[in-house]
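Q: I've got a chain on screen and I'd like to learn how to read it feature by feature. Can you walk me through it?

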Amino acid sequence: MIQPLFPTAFLLLLLLAGCQSGPVQEVAAGERQPDAVASSEDDAPDPAASEAERASPEDFQAWLSDFRRQARGEGIGEATLARALDGVRYRPRVIELDRSQPEFVRPIWQYLDSAVSQARISQGQAKLAEHRETARRMEQRYEVPAEVVVAIWGIESNYGGNFGDFSTIEALATLAFDGRRRDFARGELLAALRILEAGDIAPERMIGSWAGAMGHTQFIPSSFVTYAVDGDGDGRRDIWNSIPDVMASTANYLARAGWQPGQPWGVEVRLPQGFDYSQTELSTRRSSREWGGLGVQRVGGGNLPGFEQASVIAPAGARGPAFLVGSNYRAILRYNNATSYALAVGTLADRIAGREGIQAEWPREVQPLSRSQVREMQQALNERGFDVGTPDGVMGPNTRAGLRDYQRSIGVTPDGFATLDLLQRLQRH
C-alpha cells in the first residue's frame, strides 16, 4: 500500500489486518505493521476501544450531515456530494478490522515464500510481457525499472486479482466517524471527494481496502491526489481500470520518493566473522567502500554497488541472509514501511527480471515470538537492567539494542534477533 511522502499517523492498520484482505498483506514476526498508504504502522491497538465506548452507528447519519456541510465549505460541489454521500452506510466490519491486532504473525521467510512464490514470479513475467510497451515508456519517463513497478503491483493486489471490495467512501466515512484515527480518515475522505470532483472515477467504482487504499497498487486518496498520473492520455487518472495509469502513477511515486536511476535496491552480502550486528540498523549508513573495508562481501562475488549511503540489514540475525541496501530500498520503504515488504518487492523484481533470488537459508527451525511474548521479553530485559523502554510488543531499535546487550552478557552472538529460546533463557534467570 502506498503511503504519503510525509509523516502521517493512522494508517492502514494494515498488514496485520490486511491492506486488502489477501494473504500477502502480513507483517513479519517482530516488526511493525507497514505504513502503507496511509499507514497505521506505528499505531498500537486502541485499549479504549470497548463496545461500551464506541460511538453509536445511529449517530452516523447525523455525523455525515455535518461532514457534508463542512465539505461543502471546503469547496466540494453539491453534485459531487450527492453522488458520493447519498446512501452511504456505516460499515461495522471496517471498525472491526481497524481495531484488530493479530497476536501471531508469520516470520519473514514465510511471508517471502508467499510474496515471492514461483506463481507470482511467473505471473509477473507474463504481465510484464503483456504490457511491455507501456512498461518501457514508463521506465523511460520515470527512470524506475519496469520490474519494480510490476513487483509492487503483484504484492499489493496480486496483479489486480485482489485490491479490495470495500467502497472507499463508505470505508473512510466509517473510519472518520468511529475509527482510531478519525482526523486522518476525514482528511482522506475529503481527498476522495476531490478525486470524484475531478472526474477521475465514479463513486461506485472507487473501491479498495477497508483502510481506504485503492486500486491495483493501493493508493490512499491523498497520495492519489498528489502522485497519480494519467498514463494513457484520456484525461483521467484511473488506477482501477487503466494499466498505463497504474504503471505511471506507481513509477511517479517511487521517483518522487527518491529512486536513484541505475542503482539496484540492494544486494545480498556475506558478513565477516565477528561482525558487529549493532551496525545492522537502517539508521547506520556508510558508503559501499566503507562497508567493504569492514569485510562485507557480495554473495556470488563481484563488486558491491556504488552506494554513497548504504545500510546493512540482517532481518533474521546471524543465522539468516544479510543485505546491503541503498536509496532505492528506502524508496520502497516509503511505499510501505516494513522490512518484509521492501525485501519482497526487491526480490520479486529481481526474479521477474531473471536475476537470482536470495541465496542464503533462513533459520526456518527458529520459532519467532508473538507480540505478547515480545512484551514479556521487554519486561524481562528491563527487570535485568537492559533498558528497552515501555514494553509494547514491537521489536524496535531500542529493544534490539537491549537484547544485544543481554546476548553479550551470556556469551552468544549479539544479533538482536528475538527467539523463543532467548525468551525462555531470560525467564529462567
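A: Let's go from the whole chain to salt bridges, then a helix, then paired strands.

Q: What am I looking at, and how many helices and strands are there in the chain?

A: Bear in mind that this is a predicted model. The chain holds 18 helices and six strands.

Q: What share of the 429 residues in the chain is buried?

A: Buried residues account for 56% of the 429. As for the surface, the chain exposes about 17,300 Å², with carbon and sulfur atoms supplying 45% of that area.

Q: How do I read contacts against sequence separation?

A: Take contacts between residues at least 6 apart in sequence, and ask what portion joins residues at least 24 apart. In this chain that portion is 71%.

Q: On to salt bridges. What's the rule, and how many does the count come to?

A: You look for a side-chain nitrogen of Lys or Arg within 4 Å of a carboxyl oxygen of Asp or Glu. By that rule the count is 24 salt bridges.

Q: Which residue does Glu-170 meet in a salt bridge?

A: Its partner is Arg-89, at 3.0 Å from N to O. Glu-170 sits in helix 9 (residues 168-178), while Arg-89 is in the loop between helix 3 (78-85) and helix 4 (92-98), so the bridge ties together parts that are 81 residues apart in sequence.

Q: Are those two side chains buried or exposed?

A: The cut-off for buried is under 20% relative accessible area, and partly exposed lies between that and 50%. Glu-170 has 8%, so Glu-170 is buried, whereas Arg-89 is at 48% and counts as partly exposed.

Q: Which residue forms a salt bridge with Asp-178?

A: That would be Arg-182, with the closest N and O atoms 3.6 Å apart. Asp-178 is buried at 0% relative accessible area, and Arg-182 is partly exposed at 36%.

Q: What about Glu-383 and Arg-384?

A: Their side chains also meet in a salt bridge, at 3.6 Å from N to O. Here Glu-383 is exposed, with 65% relative accessibility, and Arg-384 is partly exposed at 29%. Elsewhere, salt bridges that share partners join Arg-68, Arg-72, Glu-78 and Asp-86 into one network.

Q: How do I check the length of a helix, say helix 16?

A: Compare the expected span with the distance between the end C-alpha atoms. Helix 16 (residues 371-383) has 13 residues, so at 1.5 Å a residue it should span 18 Å, and the end C-alpha atoms are indeed 18 Å apart.

Q: Which residues in helix 16 are buried, and what follows the helix?

A: The buried ones include Val-374, Met-377 and Leu-381, along with Arg-371 and Gln-373. After helix 16 comes Gly-385, with a positive phi near 90 degrees.

Q: Now strands. Where do the side chains of a regular strand point?

A: They alternate between the two faces of the sheet. In strand 6 (residues 322-325), Ala-322 and Leu-324 are on one side, with Phe-323 and Val-325 on the other. Both faces are covered, and all four of these residues are buried.

Q: Which strands pair with strand 6?

A: Strand 3 (residues 266-270) runs antiparallel to strand 6, joined by four bridges. In that pairing, Gly-266 stands opposite Val-325. Strand 5 (residues 311-313) is also antiparallel to strand 6, over three bridges. There, Ile-313 has Phe-323 as its bridge partner.

Conventions:
Residues are numbered from 1 along each chain as its sequence is written. This is a predicted model: local features need pLDDT of at least 70, side-chain atom pairs count only at pLDDT 80 or more; totals for chains, interfaces and linings use all residues. Side-chain values use heavy atoms; hydrogens and water are left out. Helices (H or I, at least four residues) and strands (E, at least two) are DSSP runs, numbered from the N terminus. Buried means under 20% relative accessible area, exposed over 50%, partly exposed in between (1.4 Å probe, protein chains only). The expected span of a helix is 1.5 Å times one less than its number of residues. Two strands pair if DSSP finds at least two bridges between them. Contact means heavy atoms within 4.5 Å. Accessible areas come from the Shrake-Rupley method with a 1.4 Å probe; for residues, only the protein chains shown count as cover.
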